[in-house]
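Hello,

Here is the structure you asked about. My notes on it follow below.

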Amino acid sequence: MGNRADECGTDVEIYCKPLTDTIHADTPSDAPEQLLDLLDQLGLKREEVRTAGPVYIWHEVPGHLDADEQKRLASRAIPNLLVAGYKVSCTPDAFDEAAYQQAVVEIHSRRARPTATRPAPATPSSRPEPSRHTP
């Protein structure tokens, strides 16, 4: 069983599996559980084959989606993976530019929203000195 992520030196390789219409997301053999969990959270389905030797793990876009929806899901996952610090490669036949760009916009929007924080209580050194007026 080949693993494109191991072969290419990436964290995630997204591609259409030859002779099928399935979009795969391969991760390295020693991929951290954090990466595998992120792919799960992004809507990809974890698959696994256990052998007497290694355990093979990969992700697929759910097969019940039509071809365009599969591309959109895979493409929307890429910006999230990049923001998390992973090196990602995607073949053109599994990529949807509009879906990718929309995911980028959504990530930027989430980051731009101010969070509700309470100001720190004033300390004697942080209070401004009263201005002194001379008559």
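Is Ser75 buried or exposed? Ser75 is buried, because its relative accessibility is 0%, and the cut-off for buried is under 20%. Please keep in mind that this is a predicted model, and that the values here are computed from it.

First, the overall layout. The chain has 135 residues, of which 30% are buried. It contains four helices and five strands, and their order along the sequence is α-β-β-α-β-β-α-β-α. Among contacts with a separation of 6 or more, 48% are between residues 24 or more positions apart. The exposed area of the chain is about 9200 Å², and 53% of that comes from carbon and sulfur atoms.

Back to Ser75. This residue belongs to helix 3, which covers residues 67-83. Which residues does Ser75 touch, leaving aside those up to four places away in sequence? They are Ala94, Phe95, Asp96, Ala99 and Tyr100. With Asp96 there is also a polar contact: the side chain of Ser75 reaches the backbone nitrogen of Asp96 at 2.6 Å.

Two of the residues that Ser75 touches, Phe95 and Tyr100, also form an aromatic pair with each other. A search of the whole structure finds one such pair. A pair of aromatic rings is described by the distance of the centres and the angle of the planes. For Phe95 and Tyr100 the centres are 5.5 Å apart and the planes are at 50°, so the pair counts as tilted, given that tilted covers what is neither under 30 degrees nor over 60. How do the two partners stand in terms of burial? Phe95 has a relative accessible area of 26% and is therefore partly exposed. Tyr100, at 19%, is buried, because the limit is under 20%.

Another ring is involved in a different kind of arrangement. The charged end of Arg4 sits over the ring of Tyr15, at 3.8 Å from the ring centre.

Last, a residue in helix 4, which spans residues 97-112: Val105. Val105 is partly exposed, because its relative accessibility is 46% and exposed would require over 50%. How far is Val105 from Pro79 in space, C-alpha to C-alpha? The distance is 9.7 Å, while the two residues are 26 residues apart in sequence.

That is what I have for now.

Regards

Key. Residues numbered from 1 in each chain as written. Predicted model: local features only at pLDDT ≥ 70, side-chain atom pairs only at ≥ 80, totals over all residues. Heavy atoms only, no water. Helix = DSSP H or I, 4+ residues; strand = E, 2+ residues; numbered from the N terminus. Buried < 20%, exposed > 50% of the residue type's maximum accessible area, 1.4 Å probe, protein only. Phe/Tyr/Trp six-rings, centres within 6.5 Å; stacked < 30°, edge-to-face > 60°. Lys NZ or Arg CZ within 6 Å of the ring centre and 35° of its normal. Polar contact = N/O pair within 3.5 Å; in protein donor to acceptor, adjacent residues only side chain to side chain. Contact = heavy atoms within 4.5 Å. Areas by Shrake-Rupley, 256 points an atom, 1.4 Å probe, with all protein chains shown as cover.
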